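Me: I have a structure open here and would like to talk it through with you, one question at a time. Shall we start from a single pair of residues and work outwards?

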Amino acid sequence: MRQSKLQAGLDRDEAIARAASPHVWRPEPWENEHGREFIVVADETVGAPAFAISNEANAEHIARFDPAGMGSIFTAMRKVLDEHRNKGGYCDTCRHYDYAYDYDPVPYPCPTVQALEAIYAADPEPRYYTVLVTWSEEDGEHVGICPAFPSLSYLAPGYFDALQGIHQLVQDTIADMNSRGEELPEEV
Ligand SMILES: [Zn+2]
């Protein structure tokens, strides 16, 4: 089954949160040449400010949605998704209570899943590309390639290193192109 925008968006946002400072973030007033600003402190051990902001409400908001705070939201979302799974085109939890006092199945995505999907509705559709690993006689190494991105290749002695290398390269390229608003190539 293809990964939904919701799954792709959750995976991406979790990866972003995992990469950020894991400590509890807190806003702190900070007097400087601009007057009173706020810093969001993200590192308990060295007290390193993550960034300065001029508005206290913004600082509080950012600190509230620190990686730990977002983590608990992601966990809750995954629990809800886990409970509302697609079973043969119907939600395996939701039921309509009909006039005959029967419980009718509810087509998937049920309203609960649709509510979560709305969070990522504006995201681009996830794209899928074939990657291949072949042996390069010329280099004496494995080479990972992606036919949709003919300019990309990744050489490695080991098969799995070549596979992982081309996979990462394609992901980085897609992220780059998305950030520049460029059109992604069609799968070939
Ligand atoms: Zn449901």
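**From one residue pair to the whole chain**

Reply: Happy to! In this predicted model, Glu31 stands opposite Arg36 in β2.

Me: How many bridges pair strand β1 with strand β2, and in which sense do they run?

Reply: Glu31 faces Arg36 of β2, and a hairpin of two residues joins β1 to β2. Strand β1 covers residues 26-32 and strand β2 residues 35-41. Their pairing is antiparallel, and the number of bridges is seven.

Me: Which strands form the edges of the open sheet of three strands?

Reply: The order in that sheet is β4-β5-β6, with antiparallel pairing. An edge strand here pairs on one side only. That gives β4 (86-87) and β6 as the edges.

Me: Which residue stands opposite Lys87?

Reply: β4 pairs with strand β5, residues 90-97, in the antiparallel sense over two bridges. Lys87 looks across to β5, and its partner there is Tyr90.

Me: Where is Tyr108, and is it buried, partly exposed or exposed?

Reply: Tyr108 sits in the loop between β6 and α4. A residue needs 20 or more neighbours to be buried and 12 or fewer to be exposed. Because Tyr108 has 17 C-beta neighbours inside 10 Å, it counts as partly exposed.

Me: Which residues is Tyr108 in contact with, leaving aside its neighbours within four places in sequence?

Reply: Tyr90, the residue opposite Lys87, is one of the contacts of Tyr108. Leaving aside neighbours within four places in sequence, the full list is Asn86, Gly89, Tyr90, Cys91 and Val113.

Me: What is the form of the peptide bond from Tyr108 to Pro109?

Reply: Pro109 lies in the loop between β6 (103-107) and α4 (111-117). The bond that leads into Pro109 from Tyr108 has omega near 0°. That peptide bond is cis.

Me: What should helix α1 span, and what is the distance between its end C-alpha atoms?

Reply: Helix α1 has 15 residues, 5-19. At 1.5 Å a residue, they should span 21 Å. The end C-alpha atoms agree with that, at a separation of 21 Å.

Me: Why do the buried residues of α1 line one face of the helix, and what do they pack against?

Reply: The buried residues of α1 are Leu6, Gly9 and Leu10. Seen down the axis, they fall within an arc of 100°, so they line one face. Ala15, Arg18 and Ala19 are exposed on the face turned away from them. The packing partners of the buried residues are α3 (67-83) and α4.

Me: Where do the buried residues of α5 lie around its axis?

Reply: An α-helix has 3.6 residues a turn, so residues three or four places apart point the same way. In α5, Ala162, Gly165, Ile166 and Val170 are buried. They cover an arc of only 130° around the axis, which puts them on the same side of α5.

Me: Which strands are included in what covers the buried residues of α5?

Reply: The face of α5 turned away from its buried side carries the exposed residues Phe160, Gln168, Gln171, Asp172, Ala175 and Ser179. On the buried residues, the cover includes β7 (132-136), β8 (141-145) and β9 (153-156).

Me: How far apart are Tyr108 and Val170 in space?

Reply: Val170 is among the buried residues of α5, whereas Tyr108 is in the loop between β6 and α4. They are 62 residues apart in sequence. From C-alpha to C-alpha, the separation in space is 32 Å.

Me: What separates the centres of domain 1 and domain 2?

Reply: The domain assignment gives domain 1 as 21-65 and domain 2 as 132-179. Taken over C-alpha atoms, their centres are separated by 41 Å.

Me: Why is the protein more spread out than a compact globule, and what is its radius of gyration?

Reply: The protein has five helices and nine strands. For its 188 residues the globule rule gives 16 Å, and the protein is well over that value, so it is more spread out than a compact globule. Along the principal axes, the C-alpha trace spans about 65 × 65 × 30 Å. The radius of gyration is 23 Å.

Me: What share of the residues count as buried?

Reply: Burial calls for 20 or more other C-beta atoms within 10 Å. Of the 188 residues of the protein, the share that count as buried is 14%.

Terms used. Residues numbered from 1 in each chain as written. Predicted model: local features only at pLDDT ≥ 70, side-chain atom pairs only at ≥ 80, totals over all residues. Helix = DSSP H or I, 4+ residues; strand = E, 2+ residues; numbered from the N terminus. Arc of directions from axis to C-beta. Contact = placed C-beta atoms within 7 Å. Domains from an automatic or database assignment. Pairing = 2+ DSSP bridges. Rg over C-alpha atoms; globule rule 2.2 N^0.38 Å. Expected span 1.5 Å × (residues − 1).
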